[in-house]
Amino acid sequence: MINEIDWFGVNADVDLKGKSCEDHCILQHSNRICVITLAESHPILQNGRKIKNINYQISDGCSRLKNKVSGKSKRGGQFLTEFAPLCRITCTDEQEYTIFSCIRGRLLEVNEDILNKPDLLLEKPSTEGYIAVILPKFEESKSVTEGLLTREQYEEVLTKRNQQEEPC
């Protein structure tokens, strides 16, 4: 279980891959580990949506569920780029969303609990409803979050969106 108190960095990646309002959140611990979650403004978390399906099968030959990590150095985990899909989430209104890794690093785990209890994603997106855990390379760990927004910057983006004629 993830305890938010243990995490010092809350960063957001907004409008990922040009998809307006499909924001992701990265929680970064002092040990470099990053947890990928949905940002509170993500459409999945809006307007009382319900989740129909969560699928970690990215393609015919690639399933994030088959990721196996071992040892202290976490060998064997799938290496991800910033735009590597982690999963696809389909809502009951048939709207489908692809959740991306947002950062480069080794996939340590995916949250299998949300497969059986998709409401965790809706009710506790930044704790038990997380999507995946990623470990960036040591030499890249400082730069991982440079392109992301701080909590304050993210809230400024949300304020600007809400002032637009057509908010998300």
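Which residues is I131 in contact with, leaving aside its neighbours within four places in sequence? The legends below treat this residue and its surroundings in a predicted model.

**View 1. Contacts of I131.** Apart from neighbours within four places in sequence, I131 is in contact with I36, T37, Y56, L86, C87, I89, I99, V110, N111, I114 and L121.

**View 2. The largest nonpolar core.** This core holds 28 residues, of which I54, I89 and I131 touch the most other members. At least two residues each come from strand 3 (34-38), strand 4, strand 8, strand 9, strand 10 (105-110), helix 2 (119-123) and strand 11 (132-135). The most is given by strand 8, which contributes four residues.

**View 3. A second core.** Separate from the largest core, a set of eleven residues forms another nonpolar core. Among its members are V35, Y130, L149 and Y154.

**View 4. The open sheet of three strands.** The strands are arranged in the order 4-8-9, and their pairing is antiparallel. Strand 4 (51-55) and strand 9 (96-100) are the edge strands, each pairing on one side only. On average, and with direction ignored, neighbouring strands of the sheet are turned by 20° against each other. In general, strands of a sheet pair through backbone hydrogen bonds, in either a parallel or an antiparallel manner.

**View 5. Pairing of strand 8 with strand 9.** Strand 8 (residues 85-91) runs antiparallel to strand 9, and five bridges join the two. Within this view, T90 stands opposite E96 of strand 9.

Definitions and conventions
Residues are numbered from 1 along each chain as its sequence is written. This is a predicted model: local features need pLDDT of at least 70, side-chain atom pairs count only at pLDDT 80 or more; totals for chains, interfaces and linings use all residues. Side-chain values use heavy atoms; hydrogens and water are left out. Two strands pair if DSSP finds at least two bridges between them. Axes are lines fitted to C-alpha atoms, for helices over the stretch in contact, and angles run from 0 to 180 degrees between N-to-C directions. A nonpolar core is a set of buried Ala, Val, Leu, Ile, Met, Phe, Trp, Tyr and Cys residues joined through side-chain atoms within 4.5 Å. Buried means under 20% relative accessible area, exposed over 50%, partly exposed in between (1.4 Å probe, protein chains only). Contact means heavy atoms within 4.5 Å.
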